[in-house]
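Subject: Handing over the two-chain model

Hi there,

Here is the structure I promised to pass on to you. Please open it first, and then read my notes on what I found in it.

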Amino acid sequence: MIVAELLPSPAPRPIAEILDRLDAAPALLPFDPAALQMLGELSRRILAAKDLARQPDAVALGYWLRPANLARLADRYPPLSDGSLRVPAGLAFHIPPSNVDMMFAYSWAAGLMAGNRQIVRLSRRRGTLADTLLAVIAELGDARSAFIEYDREDAITAAISARSDLRVIWGGDAAVAAIRAVPLAPHAKETVFADRLSLTMLAAPTVLALDDAALANLAGRLFNDVLTFDQMACSSPRRLIWVGSVEAADAAEKRLTLAMAAEIQRRGYRIATATALEKYAAACRAAIRGPVRAIEHTRTDWVLVDLGDGPAAPPDASHPGAGLLYRCRVDDVAEIAPMIDRSVQTLTHFGIDRATLDQLAVRLAGKGIDRMVPLGEALAFDLIWDGYDLIDEFTRRVVIRP
Amino acid sequence: MIDPQAHPPYGVPQAQKDALLLEQLVALTAHHRGHCPPYARLVQALGGPVPTRVAEIPFLPVSLFKTDLLTSVPEDQLFKLVTSSGTTGQAVSRITLDRNTAALQSRALAAIMGDLLGPERLPMVIVDCASTIRDRARFNARAAGILGMMIFGRQHFYALDDDMRLDVEGLRRFLEKFAGTRVLLFGFTWLVWKHFAPEMAEAGLRFDDAILVHSGGWKRLADEAVDNASFKARLRDMTGIATVRNFYGMAEQVGSVFVEGEDGLLYPPWFADVIIRDPLTLKPLQPGEVGVVQVLSLLPMSYPGHSLLTEDLGVIEHIDGAAPARYGKGLRILGRVPKTELRGCSDVAAARLSA
């Protein structure tokens with residue numbers, strides 16, 4: 001069985017040969033200085049590379065990996081109080097998504113922090129940014145990793161899975177289902193990131209109180225959350241919830257919509273005609289299938305489908321991306337509870353205080369929402385993702401009792 | 001309800017047509033709001049004032065007929081369900097017709113084809129195989145199109161066999177029998193181009209007085225870089241057919257087809273119209289500006305298809321510019337809006353793993 005090895009040395013290669021090489025690579029403990037040094041070097045190179053330093057998502061990765069942040073992350077995992085030792089899971093097999101070019105690097109970097117030897121299967125449909133990043137990773141000379149690509153072949157996935165200690169699948173649900181059907185070694189474990197949905201919630205009075213500069217700043221952050229990956233990232237909000245009176249919500253929405261139009265113009269964001277038509281069709285389909293108070297379609301690059309007052313969900317889960325938000329209004333944050341289920345990943349918030357967020361989390365008690373982060377940070381990656389601590393997921397513990 | 005034969009198809013100047021269409025389209029919108037609750041919800045959500053211009057009539061994305069059944073007739077009055085001829089695996093549109101709308105469509109087509117072909121029925125070649133319409137299980141827009149056109153000809157001859165090869169002997173006999181008589185041909189653009197014309201040339205058969213009416217889209221011809229002008233020239237070369245008229249129509253608005261005029265532009269008849277819209281704002285564009293094609297028709301009574309936003313790009317070249325022969329808008333269709341692909345979380349490479 002031959003796969004295309006992309007790193008360390010680009011060539012068609014038998015998968016067994018790649019796995020043999022990884023087996024022979026020396027082990028590291030979590031947060032080993034050598035691993036952190038390598039990631040810090042990657043950060044430096046990303047931020048210095050002309051073609052990457054212009055890309056907000058590449059810059060975000062670069063910042064996440066800078067030495068000061070790596071030290072902060074490492075500090076979150078002090079020696080265990082019971083005296084047991086954290087050790088890497090072993091060989092980690094990563095299957096990242098194709099839609100977010102940087103994701104493979106986050107998955108791989110977290111695995112490296114955990115000390116694993118790693119094999120990363122890249123999508124053939126990855127963007128050029130992924131290849132640019134791969135070229136930078138190549139300069140690091142990481143002997144514990146292999147980056148490969150291959151066509152849909154369960155046999156290859158099975159061969160890798162049989163020798164892996166950990167399999168990491170970034171969904172789509174269809175991808176998760178397909179890969180889960182391929183057996184793992186009996187002792188191996190799997191970490192899965194399924195299709196998720198994200199929301200944004202804004203306090204209408206707070207938006208109304210903003211001066212123009214602060215409003216423009218808010219629009220910029222909302223742009224980043226929603227449109228960075230054409231709204232196709234799981235963390236990008238697809239629903240917008242106003243908290244406040246009907247009058248306040250309507251007035252705040254008018255202000256925000258104008259500010260968004262200006263921001264979209266300023267950033268030069270353009271959607272294809274086909275996407276514009278799909279968005280208009282999705283909004284109309286929602287109205288045909290269920291109660292929709294209004295479709296705001298002055299511009300097809302920013303479409304709001306108003307589901308009215310009270311907690312409300314669109315009639316189906318299909319979503320065209322690229323700037324379409326289902327909008328509703330509540331008087332009180334607690335009212336959104338019925339909108340939340342296990343599929344909800346991120347709630348970005350603006351103008352909502354800590355105590356209210358705490359109350360919401362307690363009330364939901366795990367029913368849904370894995371992260372509540374300030375508006376503008378929807379796409380900011382963290383070692384806690386989808387409710388899981390990736391270091392815990394990617395390591396084991398050795399109990400030592402004298 | 002209107003009579004499509006009340007005026008000559010291209011006999012109503014645009015200003016007069018606008019007034020006439022506005023009144024009828026407002027009435028049709030009200031009719032469908034009253035009879036199709038999902039449509040009523042949509043119009044409500046789209047909001048806007050009572051239309052004072054045709055451009056203010058709400059427009060439905062044509063793709064909705066593929067995902068949702070939208071009908072304004074109770075099931076017991078359903079006369080026919082027409083589906084669009086999507087390729088295998090694609091979603092198809094489902095259009096519900098009652099007798100009334102089906103009759104309107106026939107009268108409309110008769111008005112348009114009468115204008116093009118004259119009062120006399122001509123011997124007719126159908127550039128397709130007989131089984132396309134024989135197989136009722138596969139009854140789709142292609143079959144409906146053929147059946148709709150057949151009444152404008154006589155002595156029908158199917159030019160292709162079931163393998164889509166030219167019936168050379170049959171066509172030879174047809175040509176001998178009708179030598180010196182004007183002949184009508186009808187077929188889908190791609191079939192004419194790919195399966196009919198080259199084999200005619202190869203067999204050395206020619207028409208000396210024929211008119212070809214064809215439809216079905218230019219996508220695959222555009223892929224081969226064949227435009228309308230080269231299509232006509234090559235066809236004349238290969239088959240001798242001197243008069244070739246394209247028309248633009250769709251399963252969602254059967255009957256109100258836009259036939260090509262002498263100038264190569266497509267003309268909506270008086271009971272139909274076209275508006276070009278800006279993809280960003282969905283506002284109407286001026287003649288000469290390229291945008292998304294919206295089609296309007298007074299025929300759809302049994303389903304809310306009187307105002308549809310298509311997935312085609314087009315441009316209006318002039319208004320009343322070909323009068324008095326043809327009043328109204330002269331339209332050029334520029335093809336389908338190019339498909340785009342936004343990559344979603346569900347598009348992980350491995351999604352195709354077990355496909």
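**Strand 13 of chain B and its neighbours**

Let me begin with one residue pair: L296(B) has S307(B), in strand 13 of chain B, as its bridge partner. Please keep in mind throughout that this is a predicted model. The pair belongs to an antiparallel pairing in which five bridges connect strand 12 (residues 291-297) of chain B with strand 13 of chain B.

Strand 13 of chain B also runs antiparallel to strand 14 (residues 329-336) of chain B, and here seven bridges hold the pairing. Within strand 14 of chain B, G330(B) is the bridge partner of H318(B). A parallel pairing is found as well: two bridges link strand 1 of chain B to strand 13 (residues 307-319) of chain B. There, P61(B) is matched with L309(B) of strand 13 of chain B.

**Chain B as a whole**

Chain B contains 10 helices and 14 strands. Its radius of gyration is 21 Å, close to the 20 Å that the globule rule gives for 355 residues, so chain B is as compact as a globular protein of that length. Along the principal axes, the C-alpha atoms of chain B fill a box of roughly 60 × 60 × 45 Å. Of its 355 residues, 46% count as buried. If you take the contacts in chain B between residues at least 6 apart in sequence, 70% of them join residues at least 24 apart.

One helix of chain B deserves a look of its own. Helix 4 (residues 99-117) of chain B has 19 residues and spans 26 Å from its first C-alpha to its last, close to the 27 Å expected at 1.5 Å a residue. Which residues of helix 4 of chain B are buried? They are T101(B), L104(B), Q105(B), A108(B), L109(B), A111(B), I112(B) and M113(B). As a reminder, an α-helix has 3.6 residues a turn, so residues three or four places apart point the same way. The cover over the buried residues of helix 4 of chain B includes strand 3 (94-97), helix 6 (141-150) and strand 9 (258-260) of chain B. After helix 4 of chain B comes G118(B), with a positive phi near 85°.

**Where the chains meet**

The contact between the chains involves 48 residues from chain A and 36 residues from chain B. On the side of chain B that touches chain A, helix 2 (37-46), strand 1 (60-61) and helix 3 (64-67) of chain B each supply at least two residues. Helix 2 of chain B gives the largest share of that side, five residues. By type, the residues on the side of chain B that touches chain A are 21 nonpolar, eight polar and seven charged. Strand 1 of chain B therefore turns up twice in these notes: it supplies residues to the contact, and it pairs with strand 13 of chain B.

**Chain A and its two sheets**

Chain A comes to 15 helices and 18 strands. The radius of gyration of chain A is 22 Å, close to the 21 Å that the globule rule gives for 402 residues, so chain A is as compact as a globular protein of that length. Buried residues account for 46% of the 402 residues in chain A.

One open sheet of chain A has seven strands in the order 2-1-6-5-4-7-8, with mixed pairing. Its edge strands are strand 2 (11-14) and strand 8 (189-193) of chain A. Strand 1 (residues 2-7) of chain A is joined to strand 6 (residues 145-149) of chain A by three bridges, and the two run antiparallel. In that pairing, A4(A) has E149(A) as its bridge partner. Helix 1 (residues 15-24) of chain A lies across several strands, including strand 1 and strand 2 of chain A, and runs at about 80° to strand 2 of chain A.

Another open sheet of seven strands in chain A follows the order 11-12-13-10-9-14-15, also with mixed pairing. Strand 11 (294-296) and strand 15 (371-374) of chain A are at its edges. The twist from one strand to the next averages 25°. Strand 9 (residues 197-203) and strand 10 (residues 237-243) of chain A pair in parallel over six bridges, and L202(A) stands opposite W242(A) in strand 10 of chain A.

Best wishes

Definitions and conventions:
Residues numbered from 1 in each chain as written. Chains lettered and ligands numbered in written order. Predicted model: local features only at pLDDT ≥ 70, side-chain atom pairs only at ≥ 80, totals over all residues. Contact = placed C-beta atoms within 7 Å. Helix = DSSP H or I, 4+ residues; strand = E, 2+ residues; numbered from the N terminus. Nonpolar A, V, L, I, M, F, W, Y, C, P; charged D, E, K, R; others polar. Pairing = 2+ DSSP bridges. Axes fitted to C-alpha atoms, helices over the stretch in contact; angles between N-to-C directions. Expected span 1.5 Å × (residues − 1). Buried ≥ 20, exposed ≤ 12 C-beta atoms within 10 Å, placed from the backbone. Rg over C-alpha atoms; globule rule 2.2 N^0.38 Å.
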